[in-house]
Amino acid sequence: MYSFFGSSKKDNTETPPNTAGTTNSAFSTKSSKSKKGSDSTQMEDSPKQTTTKILTEPAPGTKTGPIHEYDENQKEMMKQVKEYALSISLPSSDPYAKWERRWLDKPDTIPRYSRASKWHLNDAKKRIKNTLEWRREFKPELIVPDEVKIEDESGKIVINGFDKDGRPIIYMRPGRQNTETSPRQLRHLVWCLERAKDLMPPGQESLVIIVDYKTTTLRTNPPISVASKVLTILQHHYVETLGRAIVTNLPLLLNFFYKGISPFLDPVTRDKMRFNPDLLELVPSSQLEAEFGGEYEYEFNHDHYWQQIIETCGIAPDGTRVNEVIPELDNEEAGEPKQPISDQGRETEEEKEEATEEEEEESNTSTPATAVDSLTPVTPAAEDVAKRVEEMSISMSMEAQTITA
């Protein structure tokens, strides 16, 4: 999955991104369409005016989708998941407690984890517990902008526009990689995911990723360790957030790469991937960048882009929010745990037995959700996927060398 984003600094001999007509950190995405007129002397249109303004709202008249509706049993399960999450939440004395509660109280959090578990209560609890632990360590809401700003300078990840369902679009261009592999690249990716969520219109819970492999070579393939971490984050800590993943300009060897790892991806994630589709079927022309066939003549300029994202999302220099007051929690609101934080969520032998009995009881009821869950293929751990990807990468590199020779 991390080959979506690239990770290692590109070779100096690599063909640079399309920078025609731009300077410094500006990259043109202007269309090069020819005019189809009767005058044979007029070979092409005069250059269209470009803009550095990003689109931060869906096209007028857009209907947000998909809309999720829940029956009484599902609502009751979501209530139980929320109660469980609050029971293992941080004590009010912890500085991050109010941010954790802010995330838990978002209208999409509990529903997403419930749907991702296919309405399996114990699975939903495990999923949200794992994410709470990850967020306490990573603190995605509080990433300081200046910490990841350098990663943004090349335009390798740009948030701009919305699809026909009102999902924000993240453009990823691995060929514009500008830094060496480091944890900061991962934090930049998470920072961008959080900003895309900030831009979601009311009722929207997912986003679109468009990965453009133009100018990308096998040299920009990521380290397997990084790929494993990204795969884990996307599939386990941003569940039900990827609405669609679109890959364009995919080189032949990387096409084999994607086909090879496809069986190892989460089935839900795999079903959302599309290769070289007609983007105008998915994105309004007015919201799609011109180089992908749309009408929006966008030109990336880092300073302008960065300022717009920071101001639109209301991000303060320290990573907090400018126009949002996060209330402090008292002990009762925080749901003070009865045991130390390090022991939160640990299951005793009795609890494990109760969970096993509950799962067996659920399986015997043959409810639709349980029946579907029992047929769902088990997805290998991210480490297993990474190992398989590494083996394929070595094989592909040898094939590439053979072809070159």
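Where is the place of Lys 118? Lys 118 sits in the loop between helix 3 and helix 4, the latter spanning 121-138. The model described here is predicted. This report starts at that loop and works outward.

**Two lysines with positive phi**

Lys 118 has a phi near 55 degrees, a positive value in a residue other than glycine. Lys 139 also carries a positive phi, about 45 degrees, although it is not a glycine. Lys 139 belongs to the loop between helix 4 and helix 5 (145-148). Are these side chains open to solvent? The table sets out the accessibility of both lysines, together with three other residues.

| Residue | Relative accessibility | Class |
|---|---|---|
| Lys 118 | 23% | partly exposed |
| Lys 139 | 32% | partly exposed |
| Asp 318 | 46% | partly exposed |
| Cys 192 | 1% | buried |
| Cys 313 | 11% | buried |**Helix 3 against helix 4**

Two packed helices are described by the angle between their axes and the distance between the axes. For helix 3 and helix 4, the axes come within 8 Å and cross at roughly 125 degrees. That angle makes helix 3 oblique to helix 4. The crossing of helix 3 past helix 4 is right-handed.

Which residues of helix 3 and helix 4 meet? Helix 3 brings Thr 109, Ile 110, Tyr 113, Ser 114 and Ala 116. Helix 4 brings Asp 123, Ala 124, Arg 127, Ile 128 and Thr 131. Sorted by class, this contact has five nonpolar, three polar and two charged residues.

**Helix 1 against helix 3**

Helix 3 (residues 109-116) also packs with helix 1 (residues 72-87). At what angle do helix 1 and helix 3 pack? The angle is about 110 degrees, and the axes are 10 Å apart. Helix 1 is therefore roughly perpendicular to helix 3. This crossing is right-handed.

From helix 1, the contact takes in Met 77, Met 78, Val 81 and Lys 82. From helix 3, Ile 110, Pro 111 and Ser 114 take part. The contact of helix 1 with helix 3 has five nonpolar, one polar and one charged residues.

Ile 110 and Ser 114 of helix 3 appear in the contact with helix 1, and they appear in the contact with helix 4 as well.

**A cis bond ahead of helix 1**

Which residues does a cis peptide bond join? Gly 65 and Pro 66 are joined this way, with omega about -5 degrees. Pro 66 lies in the loop between strand 1 (26-28) and helix 1.

**Asp 318 and its contacts**

Asp 318 is in the loop between helix 10 (302-313) and helix 11 (331-334). Its relative accessibility is 46%, so Asp 318 counts as partly exposed. Leaving aside residues up to four places away in sequence, Asp 318 touches Leu 142 and Val 144.

How many residues apart in sequence are Asp 318 and Asp 146? They are 172 residues apart in sequence, but 8.6 Å apart in space, C-alpha to C-alpha.

**Cysteines**

A disulfide is a covalent bond between the sulfur atoms of two cysteines. How many disulfides does a search of the whole structure find? The search finds zero. Cys 192 is buried, with a relative accessible area of 1%. Cys 313 is buried too, at 11%.

How values were computed. Residues are numbered from 1 along each chain as its sequence is written. This is a predicted model: local features need pLDDT of at least 70, side-chain atom pairs count only at pLDDT 80 or more; totals for chains, interfaces and linings use all residues. Side-chain values use heavy atoms; hydrogens and water are left out. Axes are lines fitted to C-alpha atoms, for helices over the stretch in contact, and angles run from 0 to 180 degrees between N-to-C directions. Helices (H or I, at least four residues) and strands (E, at least two) are DSSP runs, numbered from the N terminus. Angles under 35 degrees count as roughly parallel, over 145 as roughly antiparallel, 65 to 115 as roughly perpendicular and the rest as oblique. A crossing is left-handed if the near helix is turned anticlockwise from the far one by less than a right angle, and right-handed if clockwise. Contact means heavy atoms within 4.5 Å. Ala, Val, Leu, Ile, Met, Phe, Trp, Tyr, Cys and Pro count as nonpolar, Asp, Glu, Lys and Arg as charged, and the others, Gly among them, as polar. A disulfide is a pair of cysteine sulfur atoms within 2.5 Å. Buried means under 20% relative accessible area, exposed over 50%, partly exposed in between (1.4 Å probe, protein chains only).
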